[in-house]
Every structure is written in C-alpha cells, then in structure tokens.
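Hi,

Here's the structure I said I'd pass on. Have a look first, and my notes follow underneath.

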Amino acid sequence: MNRFNKSIIRMIHFYKVGGVLRVFAFLIYRWNRIVYSSDIPPQATIDNVNFMHKGFGVVINSNAIIGHNTTIQHGVTLGVLKNEKDAPKIGANCYIGAKASILGDIIIGDGAKIGAGAVVLSDVPAGA
C-alpha cells in the first residue's frame with residue numbers, strides 16, 4: 001500500500017473518531033488536495049480502496065460510498081448531477097479506469113469494471 005492510500009485511510013479514521021483528531025483529518029485532506037491534486041473528503045465512505053498513481057486528480061463526492069478492495073485509477077470523478085446527496089455507490093472488488101466519470105445516484109455492482117474515459121450515468125450490474 002502506498003503512502004497516499006495510507007494517508008486516506010488515516011484521514012477517514014481521524015474524521016470518524018472525532019474530537020481534536022478531526023483537525024488532523026482536515027490537515028491530511030488539505031495536504032492531499034495540494035500535493036496530489038485530489039479532492040477526497042473525509043466524509044466519504046471508503047473501505048480499503050486502492051488508489052493507483054497516488055490518486056492524482058481524483059474527485060469524490062462526500063456522499064459517495066466505495067466498497068472494499070476497489071481499484072481507482074487517476075483522474076476519476078465520482079460526482080452528482082442534480083441533488084448533492086445523490087452520489088454514486090460503488091460495490092466491492094470493482095475497477096475504475098483512468099479519467100472515468102461516474103455521475104448521479106447510481107449503483108455499480110460488485111466486481112464491475114469501468115473502462116478508461118467512460119462516462120457512467122446509469123446503473124451497472126455486478127460483474128459487468
């Protein structure tokens with residue numbers, strides 16, 4: 001696991017613990033945003049995700065949910081279309097290629113693979 005992945009896990013842990021550790025979560029968030037040009041808020045539900053290429057350019061909505069053992073390439077966007085709470089839900093063991101955009105209140109099933117440069121606006125079944 002690279003340093004970027006460890007910092008994301010630490011940031012989310014600090015945020016969930018709360019108290020003074022939320023300050024550390026904010027500092028790690030700002031550090032990742034400046035150094036790696038990634039916007040991954042500590043409020044996002046991320047379960048042991050593998051960010052390739054140190055997560056350069058990755059943007060994740062704070063309401064997004066990402067399952068266990070998912071691989072995310074650089075330049076990926078997990079965002080919303082209309083309502084701020086309608087963020088994507090990514091299943092476990094998924095692969096999301098470079099520069100892919102997953103937008104809206106959609107569900108990506110377990111084991112699905114999203115190709116590089118794809119724009120996903122509807123649900124993807126498991127294993128697709």
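Let me start with serine 7, which is buried, at 11% relative accessible area. Bear in mind that this is a predicted model. Serine 7 sits in helix α1, which covers residues 3-17. Leaving out residues up to four places away in sequence, serine 7 touches Ile28 and Asn32. With asparagine 32 there is also a polar contact, side chain to side chain, at 3.3 Å.

Next, the charged pairs. How many salt bridges does a search of the whole structure find? Just one. The partners are lysine 89 and aspartate 105, whose side chains meet at 3.1 Å, N to O. This pair links distant parts of the chain, 16 residues apart: lysine 89 belongs to strand β7 (residues 89-90), while aspartate 105 is in the loop between β9 (101-103) and β10 (107-108). As for exposure, lysine 89 is partly exposed at 31% relative accessible area, and aspartate 105 is also partly exposed, at 48%.

Two backbone oddities are worth a look when you have the model open:

- Serine 37 has a positive phi of about 55° despite not being a glycine. You'll find serine 37 in the loop between α2 (21-35) and β1 (45-46), where this serine is partly exposed at 48% relative accessibility.
- Asparagine 69, again not a glycine, has a positive phi of about 65°. Its place is the loop between β4 (65-66) and β5 (71-72), and asparagine 69 counts as partly exposed with 43% relative accessibility.

That's it from me.

Cheers

Key:
Residues numbered from 1 in each chain as written. Predicted model: local features only at pLDDT ≥ 70, side-chain atom pairs only at ≥ 80, totals over all residues. Heavy atoms only, no water. Salt bridge = Lys/Arg side-chain N within 4 Å of Asp/Glu carboxyl O. Helix = DSSP H or I, 4+ residues; strand = E, 2+ residues; numbered from the N terminus. Buried < 20%, exposed > 50% of the residue type's maximum accessible area, 1.4 Å probe, protein only. Polar contact = N/O pair within 3.5 Å; in protein donor to acceptor, adjacent residues only side chain to side chain. Contact = heavy atoms within 4.5 Å.
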